[in-house]
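Trainee: Please take one part of this model and look at it closely. Give me the numbers, and the cut-offs behind them.

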Amino acid sequence: VGATDQGTRPMTTTIATLRPTEAVTFDQGKLAALCDRMGPRAESFIAGVLADVETLIDAITRDHAKTADLSHHCFELAHYADSIGMTTVSRAAKAVLDCLARDDARTFAACINRLQRLNQPQGNPGWALESATCPTTVA
């Protein structure tokens, strides 16, 4: 006799996979300061960093079994994300580094999956500034 839900009907053997949706957020102040400092070059710099972030997340999620490469990629990812105020990605990369340092395999898998979700535009609601107002700086 199989397990039943409240004794009346068979319970399903399928477990739903939860895939939380998380927006990639930016620190408005850091982004505005970067635009002020770099002027018209800011746009191409930010675009280049975003391309590097995407490449690094792809490498991390593809090659996460290679611990030496993984640590290096996560360190680089956190650095690049921090440089443009990309707070969500920076925190996610640092969480992977923390899992590696603690040898926490269970949390490590969740953190790798989080990075992968953050890098999937179709599953991500988009990027949002951490404040409701946009920077007033025009690059």
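Mentor: What follows goes from the whole chain to one helix contact, and then to its surroundings.

This is a predicted model, with residues numbered from 1 along each chain as its sequence is written. Local features need pLDDT of at least 70, side-chain atom pairs count only at pLDDT 80 or more, and totals for chains, interfaces and linings use all residues, while side-chain values use heavy atoms, with hydrogens and water left out.

First, the chain. Its secondary structure amounts to five helices and four strands (DSSP runs numbered from the N terminus: H or I of at least four residues for helices, E of at least two for strands). Along the sequence the order is β-β-β-α-α-α-α-α-β. The chain has 139 residues, and 32% of them count as buried (under 20% relative accessible area, with exposed over 50% and partly exposed in between; 1.4 Å probe, protein chains only). Take the contacts (heavy atoms within 4.5 Å) between residues at least 6 apart in sequence: 66% of them join residues at least 24 apart.

Now the helix pair. Helix 1 covers residues 28-38 and helix 2 covers residues 42-62. Two packed helices are described by the angle between their axes and the distance between the axes. Here the angle is about 130° and the axes are 9 Å apart. Axes are lines fitted to C-alpha atoms, for helices over the stretch in contact, and angles run from 0 to 180 degrees between N-to-C directions. The pair is therefore oblique (under 35 degrees is roughly parallel, over 145 roughly antiparallel, 65 to 115 roughly perpendicular, the rest oblique).

Which residues make the contact of helix 1 with helix 2? Helix 1 brings L31, L34, C35 and M38. Helix 2 brings A42, F45 and I46. Sorted by type, the residues of this contact are seven nonpolar, no polar and no charged. Nonpolar covers Ala, Val, Leu, Ile, Met, Phe, Trp, Tyr, Cys and Pro; charged covers Asp, Glu, Lys and Arg; the others, Gly among them, are polar.

Look at L34, in helix 1. L34 counts as buried because its relative accessibility is 2%. Beyond its neighbours within four places in sequence, L34 is in contact with G39, A42, F45, I46, S83 and I84. Two of those partners lead on to the next stretch.

S83 sits in helix 3. Its relative accessible area is 24%, so S83 is partly exposed. Residues up to four places away aside, S83 touches L34, F45 and V49. L34 and S83 are 49 residues apart along the chain, yet their C-alpha atoms are separated by 8.4 Å. S83 and V49 are 34 residues apart in sequence and 8.4 Å apart in space, C-alpha to C-alpha.

I84 touches both helices of the pair. Its partners, again without residues up to four places away, are F26, K30, L31, L34, F45, I46, V49 and L50. I84 is also among the residues with the most contacts inside the largest nonpolar core, alongside L77, M86, V89 and V96. That core has 31 residues (a set of buried Ala, Val, Leu, Ile, Met, Phe, Trp, Tyr and Cys joined through side-chain atoms within 4.5 Å). Strand 3 and helices 1, 2, 3, 4 and 5 each supply at least two residues of it. Helix 2 gives the most, with eight residues.

Helix 2 has 21 residues and reaches 30 Å from its first C-alpha to its last, close to the 30 Å expected (1.5 Å times one less than the number of residues). Its buried residues are A42, I46, V49, L50, V53, L56, I57, A59, I60 and T61.

Helix 2 also helps to cover the buried residues of helix 4, as do strand 3 (24-26), helix 3 (67-83) and helix 5. Those buried residues are T87, T88, V89, S90, A92, A93, V96 and C99. S90 counts as buried because its relative accessibility is 3%. Outside four places in sequence, S90 is in contact with A78, A81 and D82.
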